[in-house]
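Welcome to a short set of exercises on reading a protein model. Try each task yourself before you look at the solution.

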Amino acid sequence: MADPTDPAATPPDDAEQDDAEQDDVNERTDDPQVPDVDAELVAGRSKPSQRVPLDRERIVREALAFLEEVGPGGLTMRRLGQRLGVEAMSLYRYVPGKEDLLDAVVEALVGGIYADPDVLDSPRNGWQDFLQRLAHGVRRVALSHVKAFPLVASRPPEAPWLRPPLRSLDWVEIFLSGLKEEGFSDAAAVAAYRSFTSFLLGSLLLEVASHGADIGPLDVMDDGSDEDPRLLEHPTVRSLRSDLAEDHAAEEFEESLESLLERISTMKLELA
């Protein structure tokens, strides 16, 4: 997997230049916190970017923190530069544009699984333990970065046949080779990968949506605090709405994961 911390010195191309200019159009403001590079130079001072140490890792880390506050729709290069105390164009030395920045954020999210001490890079106590640890590690990443996690599903993967949330070649290699070490055939390992990723993605997108993440057209049930007049026409739903609104995400995740592991065990035998 590409290292999101490696510095990039590629200047922005025309499309990325247009993105930066559009940021200026959309966000032009008299806020004194926005760095005025020209005024700084006329006053004989250095550019803000020359006074604030920058690198790709810091930019990506700050972008991830900013995403948790505003969501993907609120992130622009100009706003991120303002947050870092530098002019937006200085960011392009390290990230060629917003699209590259979002890809780097996803790499950082997926790479965060490596930092989880409970996640293993190969089975040590059987494949069930291996997958249990991996599933809970991915869930912890999702719950730590609720608003950014949907990007794992929406950004283009390293290869078109990779499936989120295990969307890096490194993690797919770990997954498939780990199962093959445990006696899975090629067909059984691939079937397990498909089932495992489908379960994780659907389950975790629903969970982060319930915590306020924007996942597009999927509607999330509200807390029932305001009576919806449509409920008068659905008496059973109305009478059970408090039960329906209860949060059982953790136990549902665990129960569904147990069922999935049983199905994978059956696949292992049937596709041997």
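**Exercise 1.** In which helix is the place of Glu-252? Then find out how far Glu-252 is exposed and which patch it belongs to.

*Solution.* Before we start, note that this is a predicted model, in which local features need pLDDT of at least 70, side-chain atom pairs count only at pLDDT 80 or more, and totals for chains, interfaces and linings use all residues. Residues are numbered from 1 along each chain as its sequence is written, and side-chain values use heavy atoms, with hydrogens and water left out.

Step 1: Glu-252 sits in helix α13, residues 249-270. Helices are DSSP runs (H or I, at least four residues), numbered from the N terminus.

Step 2: its relative accessibility is 45%, so Glu-252 counts as partly exposed. The scale is buried under 20% relative accessible area, exposed over 50%, and partly exposed in between, with a 1.4 Å probe and protein chains only.

Step 3: together with Asp-247, Glu-251 and Glu-255, Glu-252 forms a negative surface patch. Such a patch takes residues with over 30% relative accessible area and no salt bridge, and joins like charges within 9 Å. Asp and Glu count as negative, and the place of a charge is CG of Asp or CD of Glu.

**Exercise 2.** Is Ser-195 buried or exposed? Look for its contacts too.

*Solution.* Step 1: locate Ser-195 in helix α10, residues 186-210.

Step 2: Ser-195 counts as buried because its relative accessibility is 18%.

Step 3: leaving aside neighbours within four places in sequence, Ser-195 is in contact (heavy atoms within 4.5 Å) with Leu-260 and Met-267. Ser-195 and Leu-260 are 65 residues apart in sequence, yet 7.6 Å apart in space, C-alpha to C-alpha.

**Exercise 3.** Which residue meets Asp-129 in a salt bridge? Describe how the pair is placed.

*Solution.* Step 1: recall that side chains of opposite charge can pair when their charged atoms come close. A salt bridge needs a side-chain nitrogen of Lys or Arg within 4 Å of a carboxyl oxygen of Asp or Glu.

Step 2: Asp-129 pairs with Arg-133, at 3.0 Å from N to O.

Step 3: the two are 4 residues apart in helix α7 (residues 127-144), so about one helical turn separates Asp-129 and Arg-133.

Step 4: Asp-129 is partly exposed at 21% relative accessibility, and Arg-133 is partly exposed at 27%.

**Exercise 4.** Where does Pro-165 lie? Check the peptide bond before it.

*Solution.* Step 1: Pro-165 is in the loop between α8 (151-154) and α9 (169-181).

Step 2: the peptide bond from Pro-164 to Pro-165 is cis, with omega near 0°. Most peptide bonds are trans.

Methods:
Patch = residues over 30% accessible without salt bridge, like charges linked within 9 Å, V, L, I, M, F, W, Y side chains within 5 Å. Areas by Shrake-Rupley, 256 points an atom, 1.4 Å probe, with all protein chains shown as cover.
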